[in-house]
Amino acid sequence: MALTDVKPTRSELINLKKKIKLSERGYNILKMKRDGLILEFFKVLEDAKEIRGEMLEKYDRAFEMVALANTVEGAIGVKAAAMAVKESPTLDLKKKNIMGVVVPDIESQAVRKTLAERGYGVLGTTSVIDETATAFEELVDAIINAAQMETTMKRLLDEIESTKRRVNALEFKVIPELKEAGDFIKMRLDEMERDELVRLKKIKAKNA
Amino acid sequence: MTSISVAGSAIGPAPYIYVTTRMRVRKSKLLPREEYLRMLNMSLPEITRIIEESQYKAEIDELSQSFSGIDLVEVALSWNLAKEYQKILAITPGRLRIFLQTYLRSWDIQNVLTILRGKSQGMRVGKIKEILIPAGSLDRITLDRLLGEESPERVVEALKGKRLYPVVEKEFPAAHESGSYAHMENELYKAYYADLIETAQAGVKGGRAFLEYIQLEIDIRNLQVAFRLRQGPIPEDAREMFIEGGEVKPDELVRLAVAEASDELIETLQQRVGAETLGGLIDQIRGDAPIHAIENALTHLRLDKMTRISKRHVFSIVTILDYLERKRFEVINLRALARGKESNLPTERIQSYLVI
């Protein structure tokens, strides 16, 4: 706010005081929100680290199992068993709120299947196919969990970033400028009061 | 050719002597255990070179235009197996041929299911064709004709007149609607074993030995399924997953599969195959061995029993089946060696999956 735009009136000073009060209250709330979000972020970060670790473990296991399945059943057998699966997993995307931040809440269906639901017969396959299917189902579950966690983290980080920008703007720009404008008005009003006083004294001296 | 015409006679023991002698010669050419142990210490290029320089050379050369690397090795091995089975069918005369055709029908089941599943999922014909192994009574031309059909319904229609048709026709509507061919697959295998038993009981020479082996195969397969079902929640239709015709009845197998401890299942296995033949397997099962180790041990057991039966009935169908199975496992072992080396699996791990 350029000082030249400020009208040095009492009502403007009252308005500015109101704005300063509101900004300070907003600043305190946003600071609290930022701190809360950071705390929440670190909590999610711990879970996300764990989930990512699990996901990587499951990825290694799944690829080890598919290598084993290729070894035992051959790529031909694995492809034939994979063709048996028709039902694809579905995802139900819901939303949940963490301190005003909307994050995804993913519910998955038909990821983990029973032997009967997998579509291949037990008489034409071996247990390596079961173990490989289980390993990949666990991997898909872990990927969905990791996706949910990492999207939550990303959204929290975005929100922390924008809250931090707002806090900084209030702390280093808006409130100081408002205070400066208030000081300017106060100074101008005092000056005008002193002018008025001198003028009155001069008139009184002339009349006397 | 003279010998084939002699063997073509269905009268007397001549066909059995002729075919079993040829099978014994072929069996002697299979890779010995020591060769696998030597190959376990080789690198993938060395294993591939050995395969290329052996009886699989013709298929490797034939397929090298369409495939490369490890896929070439695997497809060539499968093609060789299919060709070998077809050659054996060609030299087998009379009733023996019917026995063999019935036995090799398991490959037809596998191929027909692959085509139906591929067609249901809208896969490209070329992709489905790569997965077919024409080692059964449905030869490559028939399979190509089935692949050429537009829809799964047309594939089922095209099977009319084939032995699989009644089961496929009955099971197809439900399977197509639900998208799962698992029940159809189990029913096809059950019908396959019922056919084998019927063929064995038809009063033909060698039928008793054949029946003895088939019942053993059914029991071992059922026990493998029972051990497998114990790994997770038992499905409601578990009984449907067992094959009729063995000595251990499906109801009993379901009871053993759901039982908390595996002791009864082990006891049944001991009773069925004889405690002395099980050796270290019992300790393996009791010691929480992985399911694949149990399956592998049971497969070993089945092959050993088969060899024993074939030695007791030298000029019988079992001698031929013994070679067919040994040949199948040679292909499986070579594929496992190549794939295992490609995936950098430890040698001990690859060895645990070999049937040698």
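The following paragraphs describe the fold, the surface and selected residues of chains A and B in a predicted model.

Chain A contains 2 helices and 2 strands. Read from the N terminus, these elements follow the order α-β-β-α. The radius of gyration of chain A is 34 Å, whereas a compact globule of 208 residues would have a value near 17 Å. Along the principal axes, the C-alpha trace of chain A extends over about 125 × 25 × 25 Å. Of the 208 residues in chain A, 37% are buried. Among the contacts in chain A that join residues at least 6 apart in sequence, 78% are between residues at least 24 apart. The exposed area of chain A is about 12,600 Å², and 57% of this area comes from carbon and sulfur atoms. Chain A carries 38 positive and 36 negative side chains, with a separation of 13 Å between the centres of the two sets.

Two positions in chain A were examined individually. A:E12 is located in helix α1, which covers residues 10-83. The relative accessibility of A:E12 is 25%, so this residue counts as partly exposed, given that the partly exposed class lies between 20% and 50%. With neighbours within four places in sequence set aside, the contacts of A:E12 are with A:K7 and A:I185. A:E12 and A:I185 are separated by 173 residues in sequence, while their C-alpha atoms are 8.0 Å apart. The second position, A:M99, belongs to the loop between β1 (90-98) and β2 (101-109) of chain A. A:M99 is not a glycine, and its phi is positive, near 50°. A relative accessible area of 38% makes A:M99 partly exposed.

Chain B contains 21 helices and 0 strands. Its radius of gyration is 21 Å, close to the 21 Å given by the globule rule for 356 residues, so chain B is as compact as a globular protein of that length. The box filled by the C-alpha atoms of chain B, taken along the principal axes, is roughly 55 × 50 × 50 Å. Buried residues account for 56% of the 356 residues in chain B. Of the contacts in chain B with a separation of 6 or more, 66% involve residues 24 or more positions apart. About 15,800 Å² of chain B is exposed, with carbon and sulfur atoms supplying 50% of the area. The side chains of chain B include 49 positive and 50 negative ones, and the centres of these two sets are 6 Å apart.

Several helices of chain B were considered in turn. Helix α8(B) comprises the 16 residues 105-120, and the distance from its first C-alpha to its last is 22 Å, close to the 22 Å expected at 1.5 Å a residue. Helix α8(B) is mostly covered, as 14 of its 16 residues are buried. Just after α8(B), B:G122 adopts a positive phi of about 70°.

Helix α13(B) spans residues 182-200 and includes B:D195. The end C-alpha atoms of α13(B) are 27 Å apart, in agreement with the 27 Å that its 19 residues should span at 1.5 Å a residue. Because 15 of its 19 residues are buried, α13(B) is largely enclosed by the rest of the structure. B:D195 itself has a relative accessible area of 11% and is therefore buried, the limit for this class being under 20%. Apart from neighbours within four places in sequence, B:D195 is in contact with B:T102, B:R105 and B:R163. One of these partners, B:R105, has a residue number that falls within the range 105-120 of α8(B).

B:P166 is part of helix α12, residues 165-178 of chain B. At a relative accessible area of 42%, B:P166 is partly exposed. The C-alpha atoms of B:P166 and B:F210 are 25 Å apart, and the two residues are 44 apart in sequence.

Towards the end of the list of helices, B:N344 occupies the loop between α20 (317-342) and α21 (347-353) of chain B. The phi of B:N344 is near 55°, which is positive although the residue is other than glycine. The relative accessibility of B:N344 is 68%, so this residue counts as exposed, the class being defined as over 50%.

Technical notes. Residues numbered from 1 in each chain as written. Chains lettered and ligands numbered in written order. Predicted model: local features only at pLDDT ≥ 70, side-chain atom pairs only at ≥ 80, totals over all residues. Heavy atoms only, no water. Helix = DSSP H or I, 4+ residues; strand = E, 2+ residues; numbered from the N terminus. Rg over C-alpha atoms; globule rule 2.2 N^0.38 Å. Buried < 20%, exposed > 50% of the residue type's maximum accessible area, 1.4 Å probe, protein only. Contact = heavy atoms within 4.5 Å. Areas by Shrake-Rupley, 256 points an atom, 1.4 Å probe, with all protein chains shown as cover. Lys, Arg positive; Asp, Glu negative; His and termini not counted. Charge placed at Lys NZ, Arg CZ, Asp CG, Glu CD. Expected span 1.5 Å × (residues − 1).
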